[in-house]
Amino acid sequence: MSGGDHAVQPQSFLSFDFSLKRVGVASGNSLTRSATPLRTITADGDARFAAIAALIAEWQPSALVVGVPLHPDGAAHDNTRRAQRFARQLAGRFGLPVHEVDERYTTTEARSQGERDVDAAAAALILEQFLRSNACAPPHSHSMPKRSMVRCATACAACSPRRA
């Protein structure tokens, strides 16, 4: 390997399907580009973040992914802003990169597949969408198409300058 080449290390992720009453959680990684539903958190406030902290301690993710709902035409609404706030709270509390993903229809898709834990299954669909996107594929680039469904909510390791 030459001095400018960097081996791309697999990254692990936790993803979240956020709502005011429940947060579905899934795990996955960039090597297999697959995700597995974990559980749904029904607590709110500090108890919700304590449950998330326990999952982060257990799974040790490289980054987090949050589904952000939009209207069918792509317009934002109240739940869009709530999910974006949740993403900012995760970044602030846990110091991990957070990526936002357009999560239109993931809950509907999870229901249509007959999933028992619809929220966790939706979180897995959100993460698989992220993993399939070019957001975590080497080389990482923010020159994604304008209609891309993924964007960094914080500076992720792949977006930050590499340190020697």
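In what order do the elements of the chain run from the N terminus on? The order is β-β-β-α-β-α-β-α-α-β. The model is predicted. Its chain holds 4 helices and 6 strands.

**Overall build**
- The chain has 164 residues, and 42% of them are buried.
- Among contacts with a separation of 6 or more, 61% join residues 24 or more positions apart.
- About 9200 Å² of the chain is exposed, with 50% of that area supplied by carbon and sulfur atoms.

**Nonpolar cores**
- The largest nonpolar core has 21 residues. F16, I52, L64, F86 and L90 touch the most other members.
- Two or more residues of this core come from each of β1 (12-18), β2 (23-29), α1 (45-59), β4 (63-68) and α2 (78-94).
- Another core, of 12 residues, lies apart from the largest one. F13, A35, V101 and I126 are among its members.

**Around F16**
- Leaving aside residues up to four places away in sequence, F16 touches I52, L64, F86 and L90.
- Other partners of F16 include V23, V25, V65, V66, A123 and I126.
- F16 also touches the glycines G24 and G67.

**The second largest pocket**
- This pocket holds about 360 Å³ of space.
- Its lining counts 19 residues. D17, F18, P69, E103 and T107 lie nearest the centre.
- β1, α2 and α3 (106-112) each give at least two residues to the lining. The largest share, 4 residues, comes from α3.
- By class, the lining has 7 charged, 6 polar and 6 nonpolar residues.

Notes:
Residues numbered from 1 in each chain as written. Predicted model: local features only at pLDDT ≥ 70, side-chain atom pairs only at ≥ 80, totals over all residues. Heavy atoms only, no water. Buried < 20%, exposed > 50% of the residue type's maximum accessible area, 1.4 Å probe, protein only. Contact = heavy atoms within 4.5 Å. Areas by Shrake-Rupley, 256 points an atom, 1.4 Å probe, with all protein chains shown as cover. Core = buried A, V, L, I, M, F, W, Y, C linked by side-chain atoms within 4.5 Å. 1 Å grid on protein atoms, 1.4 Å probe; cavity = no way out; pocket = protein on both sides within 12 Å on 5 of 7 lines; lining within 4 Å. Points joined across faces, edges and corners; volume = space filled by probe spheres on them. Nonpolar A, V, L, I, M, F, W, Y, C, P; charged D, E, K, R; others polar.
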